[in-house]
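User: Please take a close look at the second largest cavity. Describe its lining, then work outward through the elements around it to the other spaces in the structure.

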Amino acid sequence: MWLTWRAATERALYGEEGFYLRERPSGHFRTSVSASAAFADAVLSLLAEVDAELGEPDVLDLVDIGAGEGVLVTQVLESARPKLRDRLRVTAVDLSPRPPGLPERVRWSGTVPAGIAGLVIANEWLDNVPLDVAEQTADGPRLILVDVRTGEERLGGPLRPADRAWLERWWPLTRVGSRAEIGRPRDEAWASVLVRLSRGRAVAIDYAHPVDNRPLCGTLTGYRDGAVVTPVPDGTCDITAHVALDACAAAGISAGAISTTLSTQREALRELGITGARPPLDLARADPRGYLRALARASEEGELIDPSGLGGFGWLSQKR
Ligand SMILES: C[S@@+](CC[C@H](N)C(=O)[O-])C[C@H]1O[C@@H](n2cnc3c(N)ncnc32)[C@H](O)[C@@H]1O
């Protein structure tokens with residue numbers, strides 16, 4: 001069966017028996033959440049900042065979109081001080097079923113709630129929002145079709161005007177044979193989050209590329225059992241593509257964001273106190289076990305802010 005990449009990915013990841021409805025993400029790839037609890041500590045610091053900005057309201061929302069196995073919200077709840085924890089309304093949004101063992105306090109939802117007042121976090125969600133792929137031909141850009149069983153590709157029809165306009169603005173194709181991933185569905189997904197945020201901050205964290213440095217042939221990739229594989233949309237692997245976060249930022253502004261920061265995870269986490277600094281050697285003598293724990297933590301923090309790895313991820317932060 002031949003489909004556009006967007007339709008094929010939707011079916012492979014979220015259709016009946018789709019990859020994400022069946023599989024546990026942590027079995028297939030590592031995210032900042034699975035790399036270290038230091039990431040949840042940073043999110044907790046961010047939540048405390050938002051709480052102060054909103055004047056410590058009686059109810060403070062924490063909404064995790066694309067929550068996967070619910071690890072991030074569970075860790076934040078465990079570490080929050082009672083004064084903050086008691087006021088938290090925690091919602092984990094995912095299309096997969098509620099994971100067993102999630103704290104009762106966490107609401108599990110297939111859709112983003114409306115009227116959010118607090119912090120929205122979306123770690124590696126947008127890269128899993130399906131999109132179409134276009135290839136430049138001598139007659140202009142054409143959609144690429146994919147065989148859902150083999151991953152074989154062929155050229156399809158011309159682009160719809162809205163997709164063509166998106167490419168012209170956000171991913172201009174000049175050379176014949178060059179390819180682009182049309183990020184319009186991700187812009188719409190992100191804008192719909194901003195619309196549901198009444199007060200506070202929304203943060204999207206993902207592999208990203210800027211408009212002046214898009215990859216020539218796109219970034220469509222498959223992951224299975226921790227390894228990179230050819231992206232075949234047959235439901236046996238994750239299918240992901242880097243995110244045009246600058247385009248999402250513009251969509252967020254149109255949806256009502258009043259301030260926007262686009263930075264790297266390294267910059268954002270360092271501001272939240274994640275430095276990767278090693279513990280002082282004196283601690284090794286005074287408290288050898290504590291020293292080893294602190295050393296392990298420093299190495300995890302180092303992974304989160306490594307500029308050639310997770311630290312190179314984009315952080316889009318918008319306020320309403
Ligand atoms: C790469 S995983 C990230 C999991 C987790 N945030 C982490 O960092 O470990 C992406 C998750 O997004 C979820 N997802 C994709 N599209 C979604 C949508 N439209 N609404 C809710 N969840 C979605 C998938 O089911 C999957 O669990």
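Analyst: The lining of the second largest cavity holds five charged and two nonpolar residues, and no polar ones. This is a predicted model. The residues in question are Arg6, Asp132, Arg160, Asp163, Ile182, Arg184 and Pro185. Here Ile182 and Pro185 are the nonpolar pair, while Arg6, Asp132, Arg160, Asp163 and Arg184 make up the charged group. The space they line comes to about 40 Å³. The structure holds two cavities of 30 Å³ or more.

Several of these residues can be placed in secondary structure. Asp132 belongs to strand 6, which spans residues 132-137. Ile182 belongs to strand 9, residues 179-182. Arg184 and Pro185 fall in helix 8, residues 184-196, and Arg6 falls in helix 1, residues 5-14.

Strand 6 is mostly covered, with five of its six residues buried. Strand 6 has antiparallel partners in strand 9, through four bridges, and in strand 7 (residues 140-147), also through four bridges. On the strand 9 side, Glu135 stands opposite Arg179. On the strand 7 side, Thr137 has Gly140 as its bridge partner. Strands 6 and 7 form a hairpin, and two residues separate them. In a regular strand, side chains point alternately to one face of the sheet and the other.

Helix 8 leads from this cavity to an open sheet. The helix lies across strand 2 (60-65), strand 5, strand 10 and strand 15 (314-319), and its direction is about 150 degrees from that of strand 10. These four strands belong to a seven-stranded open sheet with mixed pairing, in the order 4-3-2-5-10-15-14. Strand 4 (107-109) and strand 14 (259-264) are the edge strands, each pairing on one side only. From one strand to the next, the twist averages 15 degrees. Within the sheet, strand 5 (residues 116-123) and strand 10 (residues 197-206) run parallel and are joined by eight bridges; one of the paired positions is Ala117 with Arg199. Helix 9 (residues 245-254) also lies across part of this sheet, over strand 10, strand 14 and strand 15, running at about 5 degrees to strand 15.

Helix 1 and helix 8 also take part in the largest cavity, which has a volume of about 50 Å³. Its lining consists of Thr9, Asp127, Asn128, Val129, Pro130, Leu131, Arg186, Leu220, Ile239, Thr240 and Ala241. Among them, Thr9 lies in helix 1, Arg186 in helix 8, and Ile239 and Thr240 in strand 13 (238-240). By class, this lining has six nonpolar, three polar and two charged residues, against two nonpolar, no polar and five charged for the second largest cavity.

The same elements appear again in the largest pocket, which encloses about 760 Å³. Its lining has 38 residues, and Gly66, Ala67, Asp94, Glu124 and Trp125 are nearest its centre. Helix 1, helix 3 (32-35), strand 2, helix 5 (71-79), helix 8 and strand 13 each give two or more residues to this lining. Helix 1 gives the most, with three. The lining divides into 19 nonpolar, eleven polar and eight charged residues.

The second largest pocket, at about 270 Å³, draws on another part of the sheet. Its lining takes at least two residues from each of helix 4 (37-53), strand 10, strand 14, helix 10 (265-271) and strand 15. Of the 14 lining residues, Leu46, Arg201, Thr261, Glu271 and Ser317 are nearest the centre. The lining splits into five nonpolar, four polar and five charged residues.

One backbone detail remains at the loop that links helix 1 to helix 2 (19-22), where Glu17 is found. Glu17 has a positive phi of about 65 degrees, although it is not a glycine. Glu17 counts as exposed because its relative accessibility, 59%, is over 50%. Asp225, in the loop between strand 11 (221-224) and strand 12 (227-229), likewise has a positive phi, of about 50 degrees, without being a glycine. Its relative accessible area is 59%, so Asp225 is exposed too.

Technical notes. Residues are numbered from 1 along each chain as its sequence is written. This is a predicted model: local features need pLDDT of at least 70, side-chain atom pairs count only at pLDDT 80 or more; totals for chains, interfaces and linings use all residues. Side-chain values use heavy atoms; hydrogens and water are left out. Buried means under 20% relative accessible area, exposed over 50%, partly exposed in between (1.4 Å probe, protein chains only). Two strands pair if DSSP finds at least two bridges between them. Axes are lines fitted to C-alpha atoms, for helices over the stretch in contact, and angles run from 0 to 180 degrees between N-to-C directions. Contact means heavy atoms within 4.5 Å. On a 1 Å grid over the protein atoms alone, a cavity is a set of points where a 1.4 Å probe fits but cannot get out, and a pocket is an open set with protein on both sides within 12 Å along at least five of seven lines; lining residues have an atom within 4 Å of a point. Grid points are joined across faces, edges and corners, and a volume is the space filled by probe spheres set on the points.
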